[in-house]
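Hi everyone, thanks for making room for me this morning. I'd like to walk you through one model, so please have the structure open in front of you.

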Amino acid sequence: MFISSAFAQTAPAAAAGGDMSSSLMGMLPLVLMFVVLYFVMIRPQMKKQKEHRAMLDALAKGDEVVTAGGVLGKISKLGDSYVGLEVASGVEVQVQRSAVVQVLPKGSIK
């Protein structure tokens with residue numbers, strides 16, 4: 001009485017060439033979003049990682065650096081994965097090499 005019978009609709013017959021182009025047009029926004037994501041987020045992050053890796057490889061004894069925790073120090077020892085930082089005269093701290101964030105200009109630490 002209040003509810004009418006529901007009938008399934010059949011899909012209209014599509015032309016052979018129209019089916020392929022409509023599926024490509026449906027995927028176009030997804031592809032465009034991925035391209036924009038790559039150029040806005042992924043590529044700059046990869047460039048930043050490459051610069052950080054080059055900076056870590058170029059570390060030398062006597063460089064003044066800042067760690068991720070904010071500790072300032074002068075490199076006194078270099079190892080494969082650890083760096084010895086002299087934070088005060090006679091005080092040396094071992095930190096991971098990847099924790100070094102920035103190399104300061106000479107004479108920054110007094």
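Let me begin with a definition: a salt bridge here is a side-chain nitrogen of Lys or Arg within 4 Å of a carboxyl oxygen of Asp or Glu. By that rule, the structure holds 2 salt bridges. Please keep in mind that this is a predicted model.

Let's take those two pairs in turn. In one of them, the side chain of Asp 63 meets that of Lys 106, with 3.3 Å from N to O. Asp 63 sits in the loop between α1 and β1 (64-67), while Lys 106 belongs to the segment after β5 (100-104), so this pair ties together parts that are 43 residues apart in sequence. What about the burial of the two partners: is Asp 63 buried or exposed? Asp 63 has a relative accessible area of 13%, so Asp 63 counts as buried. Lys 106, on the other hand, is exposed, because its relative accessibility is 61%.

The other salt bridge brings together the side chains of Glu 92 and Lys 77, at 3.6 Å from N to O. Here too the pair links distant parts of the chain, with Glu 92 in strand β4 and Lys 77 in strand β2, 15 residues apart. Glu 92 is partly exposed at a relative accessible area of 39%, and Lys 77 is partly exposed as well, at 48%.

That takes us to the strands. Strand β2, residues 72-78, pairs with β3 in the antiparallel sense, over 4 bridges. How many residues does the hairpin use to join β2 to β3? The hairpin joins them through 3 residues. If you look along this pairing, you'll find Ile 75 with Leu 85 as its bridge partner in β3.

Now move on from β3. β3 and strand β4, residues 91-96, are also antiparallel, and this pairing runs over 6 bridges. Leu 85 turns up again here, since its bridge partner in β4 is Val 93. Glu 86 stands opposite Glu 92 in β4, and Glu 92 is the residue we just met in the salt bridge with Lys 77. In the hairpin of β3 and β4 there are 2 residues between the strands, and Gly 90 takes a positive phi near 85°.

Staying in β4 for a moment, have a look at Gln 94. Gln 94 has a relative accessible area of 51%, which means that Gln 94 counts as exposed. Setting aside residues up to four places away in sequence, Gln 94 touches Lys 77, Tyr 82, Val 83 and Gly 84. From Gln 94 to Ser 76 it is 18 residues in sequence, and 9.8 Å in space from C-alpha to C-alpha.

Let's turn to the inside. Which residues make up the largest nonpolar core? There are 9 of them: Met 55, Leu 56, Leu 59, Val 65, Ile 75, Val 83, Leu 85, Val 95 and Val 100. Helix α1 (16-57) and strand β3 (82-88) each supply at least two residues of this core. Leu 59 is a nice one to click on: leaving out residues up to four places away in sequence, Leu 59 touches Val 65, Ile 75, Leu 78, Arg 97, Val 100 and Val 103.

Val 66 is in strand β1. With a relative accessible area of 16%, Val 66 falls under the 20% limit and is therefore buried. Beyond its neighbours within four places, Val 66 is in contact with Val 71, Leu 72, Ala 99, Val 100, Val 101, Gln 102 and Leu 104. Val 66 and Leu 85 are 19 residues apart in sequence, and their C-alpha atoms are 9.8 Å apart in space.

Finally, the surface. A nonpolar patch is formed by Met 27, Val 31, Phe 34, Val 35, Val 36, Leu 37, Tyr 38, Phe 39, Val 40, Met 41, Ile 42 and Met 46, and together they have about 1100 Å² of accessible area. Leu 37 is one of these patch residues and is found in helix α1. Its relative accessibility is 36%, so Leu 37 counts as partly exposed. Leu 28 is also found in helix α1, and Leu 28 is partly exposed with a relative accessible area of 40%. Between the C-alpha atoms of Leu 28 and Ile 42, 14 residues apart along the chain, the separation is 20 Å.

That's my tour, and I'm happy to take questions.

Conventions: Residues numbered from 1 in each chain as written. Predicted model: local features only at pLDDT ≥ 70, side-chain atom pairs only at ≥ 80, totals over all residues. Heavy atoms only, no water. Core = buried A, V, L, I, M, F, W, Y, C linked by side-chain atoms within 4.5 Å. Buried < 20%, exposed > 50% of the residue type's maximum accessible area, 1.4 Å probe, protein only. Contact = heavy atoms within 4.5 Å. Pairing = 2+ DSSP bridges. Patch = residues over 30% accessible without salt bridge, like charges linked within 9 Å, V, L, I, M, F, W, Y side chains within 5 Å. Areas by Shrake-Rupley, 256 points an atom, 1.4 Å probe, with all protein chains shown as cover.
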